[in-house]
Amino acid sequence: MEKQIIKKISDYNEIFSLIWKELKIKGGQNALDIGVGTRAISSKEMLNKKLKVVGVDINPDCQVHSKLLGIPVHICDASFLPFKDDSYDFSLAFFSMHEIDPKKHIDVLKEMKRVSKKMVIVEPLPNTNEIGKLYDKIWQEAMNSVGKFEIYQTMDYWSTLVSRLAPKKKLQYRLKIKKSVTKANADEFCEQGIEHFKKNRVEKKYIDEMKNLTKKIKKSGMEHTDMIVIIGFFD
Ligand SMILES: C[S@@+](CC[C@H](N)C(=O)[O-])C[C@H]1O[C@@H](n2cnc3c(N)ncnc32)[C@H](O)[C@@H]1O
């Protein structure tokens, strides 16, 4: 296994702090958000850093962020980007790759390399504890049932793909969230999933399964899964 830096973090904001530090970003740089998503967390974080943000997503609903955030959002497949070579200082796929058809992963990464000088992927790892595995299973089955991907891969999987692009330098972080899901925050945590299921019109049985799991989590708690950040430098 290749060298990875293991870091404990308190919340998701620290992931962005780490990325901005490693990329040595400066306001005004061109940033590409791969998979803007319906909540556009990554685009908003980039805008907070005064970056010139362009987003892409395959889901036409994400177009709404053009107006809401005042950024261009291209509705396209990230495995075929409508941009010239080296248009961006960096591209970021923040929790997007696991929703992209695995057959397209290498092409998406090749496109990120083609259009940008640096690339970052942030992904959750598969849960390893019993209750976490159940949580992953419900998510995966619910999203598959509406024709979407929700597949968590290992650090080695992502690392090998990025290495195939022959970056000049590659950094790998494995991030561990200090707090776990407890009785106090289980409802809030699982509700995010339920909201997403409803938005995607998944069958009620998956919503019920998530509600049942919430009860179990309230009793026994659940560790957050680890996350990985891989940064490839091409210039
Ligand atoms: C979990 S969301 C990303 C979250 C977002 N980055 C944020 O910070 O809020 C994953 C996104 O990837 C998009 N996606 C899936 N396949 C894609 C593809 N082939 N090309 C572009 N976007 C894709 C989905 O439509 C979805 O909006």
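Let me start with Ala31. Leaving out residues up to four places away in sequence, Ala31 touches Met46, Leu51, Lys52, Val53, Tyr88, Asp89, Phe90 and Leu92. Keep in mind throughout that this is a predicted model.

That residue belongs to the largest nonpolar core, which has 42 residues. Ala31, Val120, Ile121 and Val229 are the members that touch the most other members. Which strand gives this core its largest share? That is β5, residues 88–94, with five residues. There is also a second, separate core of 14 residues, and Trp139, Met143, Phe197 and Met222 are among them.

Staying with β5 for a moment, one residue in that strand is Ser91. Is Ser91 buried or exposed? With 30 other C-beta atoms within 10 Å, Ser91 is buried; the cut-off for that is 20 or more. Again leaving out residues up to four places away in sequence, Ser91 touches Leu32, Ile34, Met112, Val115, Ser116 and Met119. For a sense of distance, Lys49 is 42 residues from Ser91 in sequence, and their C-alpha atoms are 15 Å apart.

Two of those contacts, Met112 and Val115, bring us to helix α4. In α4, residues 105–115, the buried residues are His105, Val108, Leu109, Glu111, Met112, Lys113 and Val115. So what covers them? The cover includes β2 (30–34), β5, β6 (116–124) and α6 (155–163).

Next, the helix pairs. Helix α5, residues 130–145, and helix α8, residues 204–220, have axes that come within 10 Å and cross at roughly 165°. Angles over 145 degrees count as roughly antiparallel, and α5 and α8 are therefore roughly antiparallel to each other. Their crossing is left-handed. On the α5 side the contact uses Ile131, Leu134, Tyr135, Ile138, Glu141, Ala142 and Ser145, and these meet Tyr206, Glu209, Met210, Leu213, Lys216, Ile217 and Ser220 of α8. Sorted by class, that contact has nine nonpolar, two polar and three charged residues.

Helix α8 has another partner, α7, residues 186–199. These two pack at an angle of about 170°, and their axes are 10 Å apart. By the cut-off I just gave, α7 and α8 are therefore roughly antiparallel to each other as well. From α7 the contact takes Ala186, Asp187, Cys190, Gly193, Ile194 and Phe197; from α8 it takes Tyr206, Ile207, Met210, Leu213, Thr214, Ile217 and Lys218. By class there are nine nonpolar, two polar and two charged residues. Phe197 appeared earlier, in the second core.

Last, some backbone geometry. Most residues other than glycine have a negative phi. Which residues here have a positive one without being glycine? One of them is Ala40, with a phi of about 55°. Ala40 sits in the loop between β2 and α2 (41–48), and Ala40 is buried, having 23 other C-beta atoms within 10 Å. Asp86 also has a positive phi, near 55°, and is not a glycine either. Asp86 is in the loop between β4 (73–75) and β5. With 14 other C-beta atoms within 10 Å, Asp86 is partly exposed, whereas Ala40 is buried.

That is the end of my notes.

Methods:
Residues numbered from 1 in each chain as written. Predicted model: local features only at pLDDT ≥ 70, side-chain atom pairs only at ≥ 80, totals over all residues. Core = buried A, V, L, I, M, F, W, Y, C linked by C-beta atoms within 7 Å. Buried ≥ 20, exposed ≤ 12 C-beta atoms within 10 Å, placed from the backbone. Helix = DSSP H or I, 4+ residues; strand = E, 2+ residues; numbered from the N terminus. Contact = placed C-beta atoms within 7 Å. Axes fitted to C-alpha atoms, helices over the stretch in contact; angles between N-to-C directions. Parallel < 35°, antiparallel > 145°, perpendicular 65-115°, else oblique. Left-handed = near helix turned anticlockwise from the far one by under 90°. Nonpolar A, V, L, I, M, F, W, Y, C, P; charged D, E, K, R; others polar.
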